[in-house]
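Hello,

Here is the structure I promised to pass on. Please have a look at it first; my notes follow below.

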Amino acid sequence: MCLRRKRSGAQHRAMEIEDGGRFAAETTAKARALQERLRAELVSRGSVRAPRVLAGVDVAIEASGHALAAAVAWEVASGELRELRCARLPLRFPYVPGLLAFREGPAVLAALALLETPVDAVLIDGAGVAHPRGLGLAAHVGLCLPVPCVGVAKSRLCGSAAEPAPEPGAWTPLLDAEGRRMGTALRSRARAGPLFLSPGNRISQDGALALVLAALRGHRLPEPIWHADRLGRAAKGRALDAKATPSGGLASIAGEG
DNA sequence: GCGACAG
DNA sequence: ATCTTGTCGC
């Protein structure tokens, strides 16, 4: 692969990202209350007609107590990476099921803000609206983005879904206690456990599923997230923007200092 | 009270 | 998520 690198001063950004204090909570009780309030801002409709470039984000946790978020811009037509970025932030919130956004959200936004490539939508490793209060990481982060966002989790946080058929592409609806659809259990790859995807913001259930299907390329995870996951591990514990190791495979690790 | 519980 | 060795399969 071949990557382009540039600038050292002010970072260009392909999209306006405003966290608006949406990730500031001192206690778990306040965090939950904030989620209840923010869920009203969600837009549950929309789709991406012909996605050209998609962003993928994943977060790795470092022993130093930092969150290392990796974001990539991936071109749908060619299946190639256009840009790779990493952001490292100190962790200031513990992992509590249902409150992941307060722990990883800031790092995710920081990494996305470093992308200079315009993207049509964002795929995030985590739950979207398939969450106890309807505001998983991808939905919460999605409130700060100008484009559609989808959450793709490797396991189920809540709700129930029938096991999808063995064939790749098979899916079943992920339902809440009242039988309303929250997301989709998707068999993205043969002999692999299903993915649990759900809309983040600015997209519908159908739109979210279509987007994920369009980003699958043989791996269990959609390609943008698969690459972000790999980049995160490669950069973990290392200086960002460091020169590549010949054997590492990556040309470099681009990110903020 | 007892389980379930993204990353 | 992270801690970790070998191992089965394409």
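How do the residues lining the second largest cavity divide into nonpolar, polar and charged? Eight are nonpolar, one is polar and one is charged. Bear in mind that this is a predicted model.

First, more on the cavities. Searching the whole structure turns up three cavities of 30 Å³ or more. The second largest holds about 40 Å³ of space. Its lining includes three alanines, Ala127, Ala130 and Ala153. Leu157, Leu174 and Leu197 also line this cavity, as do Cys158 and Phe196. Ser155 and Arg156 complete the lining.

Now to DNA strand B. There are 17 residues around the strand. Those that come nearest are Tyr95, Gly98, Leu100, Lys154 and Arg156. So Arg156 appears in both places: it is among the residues nearest the strand, and it lines the second largest cavity. By class, the surface near DNA strand B has nine nonpolar, four polar and four charged residues.

What does the protein meet on the strand? Of the DNA strand B atoms within 4 Å of the protein, 50% are in sugar or phosphate, and the rest are in bases.

Three polar contacts are worth opening in your viewer:

- Glycine 98: a polar backbone atom is 3.0 Å from a base nitrogen of DNA strand B.
- Lysine 154: a backbone N or O atom is 2.7 Å from a phosphate oxygen of DNA strand B.
- Serine 155: a polar side-chain atom is 3.2 Å from a phosphate oxygen of DNA strand B. Ser155 also lines the second largest cavity.

Best wishes

Definitions and conventions
Residues are numbered from 1 along each chain as its sequence is written. Chains are lettered from A and ligands numbered from 1 in the order in which they are written. This is a predicted model: local features need pLDDT of at least 70, side-chain atom pairs count only at pLDDT 80 or more; totals for chains, interfaces and linings use all residues. Side-chain values use heavy atoms; hydrogens and water are left out. A residue is near a molecule or strand if one of its heavy atoms lies within 4 Å of it. A polar contact is a pair of N or O atoms within 3.5 Å; within protein, one must be able to donate a hydrogen and the other to accept it, and residues adjacent in sequence count only if both atoms are side-chain atoms. Ala, Val, Leu, Ile, Met, Phe, Trp, Tyr, Cys and Pro count as nonpolar, Asp, Glu, Lys and Arg as charged, and the others, Gly among them, as polar. On a 1 Å grid over the protein atoms alone, a cavity is a set of points where a 1.4 Å probe fits but cannot get out, and a pocket is an open set with protein on both sides within 12 Å along at least five of seven lines; lining residues have an atom within 4 Å of a point. Grid points are joined across faces, edges and corners, and a volume is the space filled by probe spheres set on the points.
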